[in-house]
Amino acid sequence: MRRNGKKRKNRTAGRSQRKGQALAGKPWIFRGLNRNRVRVTEKSIVWHELIGLKAKIIRASHPELVGIEGHIIDETKNTLTMVGERVWIIPKSVVEIEVEAGDKRIRIHGKDLIGRPEMRLKKRWRR
């Protein structure tokens with residue numbers, strides 16, 4: 001609702017309001033300091049930060065999700081937000097993801113990633 005004929009100032013003209021949309025299609029993304037020093041293995045990937053890693057969807061229950069690749073820019077309890085050619089919000093429960101960590105490629109089931117990232121540290125996993 002407008003008051004006294006003033007326009008809303010919380011929206012920027014010509015820009016998307018979706019998270020990460022400004023990053024879509026751009027080649028550079030910040031991956032964090034000293035990302036390559038951390039030893040990431042298949043068993044320890046659930047305890048590491050996924051944001052900034054390059055990922056590809058290998059298998060999914062929805063056929064349109066297979067083959068999506070890009071960088072993970074956000075993670076919630078049940079979804080991953082990936083940016084590549086466009087921004088994708090992917091449910092964790094239905095996908096298998098291949099993540100590039102340094103020179104390794106690690107496959108992980110999305111069901112193992114369900115939960116808030118900070119709470120995954122507290123979970124006990126079989127080694």
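What follows is a chat about the fold, core and salt bridges of a predicted model.

Student: Okay, what's in this one, in terms of helices and strands?

Tutor: This is a predicted model, and the protein has six strands and one helix.

Student: And which pattern do they follow along the sequence?

Tutor: Reading along the sequence you get β-β-β-β-β-β-α.

Student: What order do the strands take in the sheet?

Tutor: The six strands sit in an open sheet ordered S4-S3-S2-S1-S5-S6, and the pairing is antiparallel.

Student: Which ones are the edge strands?

Tutor: Strand S4, residues 87–91, and strand S6, residues 104–109; each of them pairs on one side only. On average, neighbouring strands of this sheet are turned by 40 degrees against each other, ignoring direction.

Student: Let's walk through the pairs. How many bridges join S1 to S2?

Tutor: Three bridges, with S1 covering residues 54–60 and S2 covering residues 69–75. If you want a spot to look at, Lys 54 stands opposite His 71 in S2.

Student: And on the other side, how many bridges join S1 to S5?

Tutor: Six, with S5 spanning residues 95–101 and running antiparallel to S1. Look for Arg 59 there: its bridge partner in S5 is Glu 96.

Student: What about S2 with S3, how many bridges?

Tutor: Four, again in the antiparallel sense, and S3 is residues 79–83. Asp 74 has Thr 81 as its bridge partner in S3.

Student: Then S3 to S4, what joins those?

Tutor: A hairpin, through three residues. The two strands pair antiparallel over five bridges. Thr 81 turns up again here, with Ile 89 as its bridge partner in S4.

Student: Switching topic. Which residues touch the most other members of the largest nonpolar core?

Tutor: Ile 45, Ile 57, Met 82, Ile 90, Val 95 and Ile 97, out of 21 residues in that core. S1, S3, S5 and S6 each supply at least two residues of the core. The largest share, four residues, comes from S5.

Student: What is Ile 97 in contact with?

Tutor: Leaving aside neighbours within four places in sequence, Ile 97 contacts Ala 55, Lys 56, Ile 57, Ile 58, Leu 80, Ile 106, Arg 107, Ile 108 and Leu 113.

Student: How about Gly 52, buried or exposed?

Tutor: Gly 52 is buried, because its relative accessible area is 3% and the cut-off for buried is under 20%. You'll find Gly 52 in the segment before S1. Its C-alpha is 9.4 Å from that of Met 82, and those two are 30 residues apart along the chain.

Student: And Ile 73, buried or exposed?

Tutor: Buried, with a relative accessible area of 18%. Ile 73 is in strand S2. The C-alpha atoms of Ile 73 and Leu 50 are separated by 8.4 Å, with their positions 23 residues apart along the chain.

Student: Zooming out, what percentage of the residues count as buried?

Tutor: 31% of the 127 residues. The protein exposes about 9800 Å², and carbon and sulfur atoms supply 48% of that.

Student: What share of the contacts comes from residues 24 or more positions apart?

Tutor: 47%, taken over contacts with a separation of 6 or more.

Student: Last topic, charges. How many salt bridges?

Tutor: The count comes to seven salt bridges.

Student: What does Glu 98 form a salt bridge with?

Tutor: Arg 107, with the closest N and O atoms 3.8 Å apart. Glu 98 counts as buried at 16% relative accessibility, whereas Arg 107 is partly exposed at 44%.

Student: And which residue does Arg 105 bridge to?

Tutor: Glu 100, where the closest N and O atoms are 3.3 Å apart. Arg 105 counts as exposed, at 55% relative accessibility, and Glu 100 as partly exposed, at 29%.

Student: What does Glu 118 meet in a salt bridge?

Tutor: The side chain of Arg 116, at 4.0 Å from N to O. Glu 118 is partly exposed with a relative accessible area of 46%, and Arg 116 is partly exposed too, with 43%.

Student: Which residues are joined into one network?

Tutor: Arg 59, Glu 96, Glu 98, Glu 100, Arg 105 and Arg 107, through salt bridges that share partners. Remember that Arg 59 and Glu 96 are also the S1–S5 bridge partners from before.

How values were computed: Residues numbered from 1 in each chain as written. Predicted model: local features only at pLDDT ≥ 70, side-chain atom pairs only at ≥ 80, totals over all residues. Heavy atoms only, no water. Pairing = 2+ DSSP bridges. Axes fitted to C-alpha atoms, helices over the stretch in contact; angles between N-to-C directions. Buried < 20%, exposed > 50% of the residue type's maximum accessible area, 1.4 Å probe, protein only. Contact = heavy atoms within 4.5 Å. Areas by Shrake-Rupley, 256 points an atom, 1.4 Å probe, with all protein chains shown as cover. Core = buried A, V, L, I, M, F, W, Y, C linked by side-chain atoms within 4.5 Å.
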